[in-house]
Amino acid sequence: MLYQIHEYNRAWLNPLTTWAKAAATTFVNPGSLLAMMPGAPRIAAGYELLYRLGKDYEKPEFNIKAVEVDGHNIPVVEMTAMEKPFCRLLRFKRYADDASAVGQLKDDPVVLVVAPLSGHHATLLRDTVTTLLKDHKVYITDWVDARMVPMEDGEFHLDDYVAYIQDFIRHIGAENLHVISVCQPTVPVLGAISLMASNGEKTPKTMTMMGGPIDARKSPTSVNSLATNKSYEWFENHVIHPVPANYPGSGRLVYPGFLQHAGFVAMNPDRHLKSHWDFYLDLMRGDNDDADSHRRFYDEYNAVLDMAAEYYLDTIKTVFQDFSLARGTWDVAGQRVRPQDIKTTALFTIEGELDDISGSGQTQAAHDLCTGIPAKRRLHFTAPSCGHYGIFSGSRWRNVIYPQIRDFIAKHA
């Protein structure tokens, strides 16, 4: 019922936000008489803020058209390499006419970026992908909004997530692959590679794990505390809802994206309030650069997706309540996950000093589990003065963290 009420509210707000957008444009349009009124910038700023607070935020595009490589402007084409009901494997194919550039691109290492399935779309990692494309061939997991997946496509469990990752690794080819997992997927990625190693399959050359809950018992954050303070049944009864009839996945049980978004905002309400107030002031002052920066951030941040209920509940229990991976009690499709069986894949763990989502030591815990990897093939880095999103986006990602990942991959390629 909650999801249906949310849809009614969206339908009710749509005319208001459409009108607010039109009014905001009218009060700043040089050809409009209203733009000449005293206080017009203030009125326009208020209307645009109202519009952005009430509008729907659809999934953004990656929109990566080109990347600069050693002075060459290299075109990039987004392609679907593999498609499953709950995820598309995307490839960002680089093209060049210059013979020397083609030769260099051909020899670049292959990277699979496993994006989080935790509320936001994979486009949240746009900066991650753009930066990696300078020195690598890049694939990424593009998770599908569960409300768009018809019921006949079946359920999606955490075990299915692990199987998806294995299929993607096999499709690309493990022998020349480097896997980067960001936040939530560190657990299923480690599970997937562990099972492949246990079964005698080839595993990727490296796995880089960034800001993820390998062992959520260490330095628990507010995210971890919520999962441990509430029972499994509480989550099952309070945050799981059926998809309304106006979507292809009508009737599917999901953890709605709007609830996850509310949780994100509730973690730092003062910061978001200040950001919107600053946006209003920037509009009044005509500071278009800062206003555009605000728009770009919240166009991404406010675009959320629904997660299949069974996957969400599996994750709550396995990762945040039972700590099954860290305790060595996790079974996937009836097989025990044994990270100690990984022998040939190099491991790099990265944490942010100020990460308020995955606490200190949670990702580094992978080293305690992957005892089969020689110490000389393992590395850990804690990024100073870096929060969760700074690990994979922004200046600290580009200038501090990425060079270390690039060098780690090159060393083991």
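Student: How many bridges join strand β4 to strand β5?

Tutor: In this predicted model, local features need pLDDT of at least 70, side-chain atom pairs count only at pLDDT 80 or more, and totals for chains, interfaces and linings use all residues. Residues are numbered from 1 along each chain as its sequence is written, and side-chain values use heavy atoms, without hydrogens and water. The strands (DSSP runs of E, at least two residues) β4, residues 110-114, and β5, residues 137-143, run parallel, and V111 stands opposite V138 in β5; the number of bridges that join β4 to β5 is four.

Student: Which are the edge strands of the open sheet?

Tutor: Nine strands follow the order β1-β2-β3-β5-β4-β6-β7-β13-β14, with mixed pairing (two strands pair when DSSP finds at least two bridges). The strands that pair on one side only are β1 (66-69) and β14 (378-383).

Student: What angle does the direction of helix α6 make with that of β7?

Tutor: Helix α6 (residues 186-198; a helix is a DSSP run of H or I, at least four residues) packs on the sheet, touching β4, β6 (177-182) and β7 (206-210). With angles running from 0 to 180 degrees between N-to-C directions, the direction of α6 makes with that of β7 an angle of about 160 degrees.

Student: Is S358 buried or exposed?

Tutor: S358 lies in the loop between β13 (346-352) and α14 (366-369), and the side chain of S358 reaches the backbone oxygen of G211 at 2.9 Å. Buried means under 20% relative accessible area and exposed over 50% (1.4 Å probe, protein chains only). Because the relative accessibility of S358 is 5%, this residue counts as buried.

How values were computed
Polar contact = N/O pair within 3.5 Å; in protein donor to acceptor, adjacent residues only side chain to side chain. Contact = heavy atoms within 4.5 Å.
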